Amino acid sequence: MNETLSRIVDSGVVAVLRGVPADQLIGIAEALREGGVTAVEITADTPGVADLIEDVSGSFDDDEVVIGTGTVLDSETARTTLMAGAEFVVSPSLHEDVIETCNRYGAVSAPGVMTPTEAVRGYEAGADFVKVFPAKTVGPAHIGAMKGPLGQIPMMPTGGVGPDNAADFVEAGAFAVGAGGALVDYDAAERGEYEEITEAAREFTRIVEEARADG
């Protein structure tokens, strides 16, 4: 297994940071790491995303945090963020040029899919895993139904995943889950109360670990 993908598996949870203020980024990433969430995705629509990725990449050792980019819609954005230090690239939809660029530079790629046809197209194009998005509109049963015939394709649900349903998604076959607002409280970060984010991360990772053990 690719080392970056292995580290995402180890984390079990990918923290999705959208519009994160630059002065809070490192504090949030450290709080997540302390809670066991070591995979961090900064969305490409965040102002100054390349600089933010470079900041995180330079602030942690390689084995502490694996940093990626989300909401990537084109190969140019993929390359820009990879050059800044991103190790994986996630999209909300399927873009084969993004997958091709990631493969060219040896980075992990994950297109957004909703159907078996999209999942197979992405995997055949060279994706390392697929992001089932938006997960909240279909639920854990959809993951289970797709994993039946497509057990070889790693799937990560994102969009509406929280502590109340993360276990259901893992038990349905998800290898990891992506979480944003349910995991990262930006108001707490603004108050400097990063321990709240650490506690949320700890709870998320506990839920995923227990669901994996039960599975």
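**Overall fold and local features of the predicted chain**

In the chain, 59% of the contacts (heavy atoms within 4.5 Å) between residues at least 6 apart in sequence join residues at least 24 apart. The structure is a predicted model, in which local features need pLDDT of at least 70 and side-chain atom pairs count only at pLDDT 80 or more, while totals for chains, interfaces and linings use all residues. Residues are numbered from 1 along each chain as its sequence is written, and side-chain values use heavy atoms, with hydrogens and water left out.

The secondary structure consists of 10 helices and 9 strands, taken as DSSP runs (helices H or I, at least four residues; strands E, at least two) and numbered from the N terminus. The radius of gyration, computed over C-alpha atoms, is 16 Å, which agrees with the value near 17 Å for a compact globule of 215 residues; the globule rule is 2.2 Å times the number of residues to the power 0.38. Along the principal axes, the C-alpha atoms occupy a box of roughly 45 × 40 × 30 Å.

Of the 215 residues, 49% are buried; buried denotes under 20% relative accessible area, exposed over 50%, and partly exposed the range in between (1.4 Å probe, protein chains only). The accessible surface amounts to about 9000 Å², and carbon and sulfur atoms contribute 46% of this area. These areas come from the Shrake-Rupley method with a 1.4 Å probe; for residues, only the protein chains shown count as cover. The chain carries 13 positive and 37 negative charges, whose mean positions are 4 Å apart. Here Lys and Arg count as positive and Asp and Glu as negative, with His and the chain ends not counted; each charge is placed at NZ of Lys, CZ of Arg, CG of Asp or CD of Glu.

Helix α2 spans residues 22-34, and its buried residues are Gln24, Leu25, Ile28, Ala29, Ala31 and Leu32. Viewed down the axis of α2, these residues fall within an arc of 165 degrees and so line one face of the helix; the arc is that of the directions from the helix axis to the C-beta atoms. The buried residues of α2 pack against two strands, β1 (13-17) and β2 (39-43), and against helices α3 (49-59), α9 (186-190) and α10 (195-214). Ala22, also in α2, is exposed, with a relative accessible area of 54%. The C-alpha atom of Ala22 lies 19 Å from that of Thr198, 176 residues away along the chain.

Two serines were examined individually. Ser109, in strand β5 (residues 108-110), counts as buried because its relative accessibility is 1%. Beyond residues up to four places away in sequence, Ser109 touches Val89, Ile99, Cys102, Gly126, Ala127, Asp128 and Phe129. Ser93 is located in the loop between β4 (88-90) and α5 (96-104) and, at 26% relative accessibility, is partly exposed. With neighbours within four places in sequence set aside, Ser93 contacts Leu73, Pro111 and Gly112.

Backbone geometry was also considered. Most residues other than glycine have a negative phi, and most peptide bonds are trans. Thr71, in the loop between β3 (66-70) and α4 (75-84), is not a glycine yet has a positive phi of about 55 degrees. Just after α2, Gly36 adopts a positive phi of about 100 degrees. The peptide bond joining Phe133 and Pro134 is cis, with omega about -5 degrees; Pro134 lies in the loop between β7 (130-132) and α7 (140-147).
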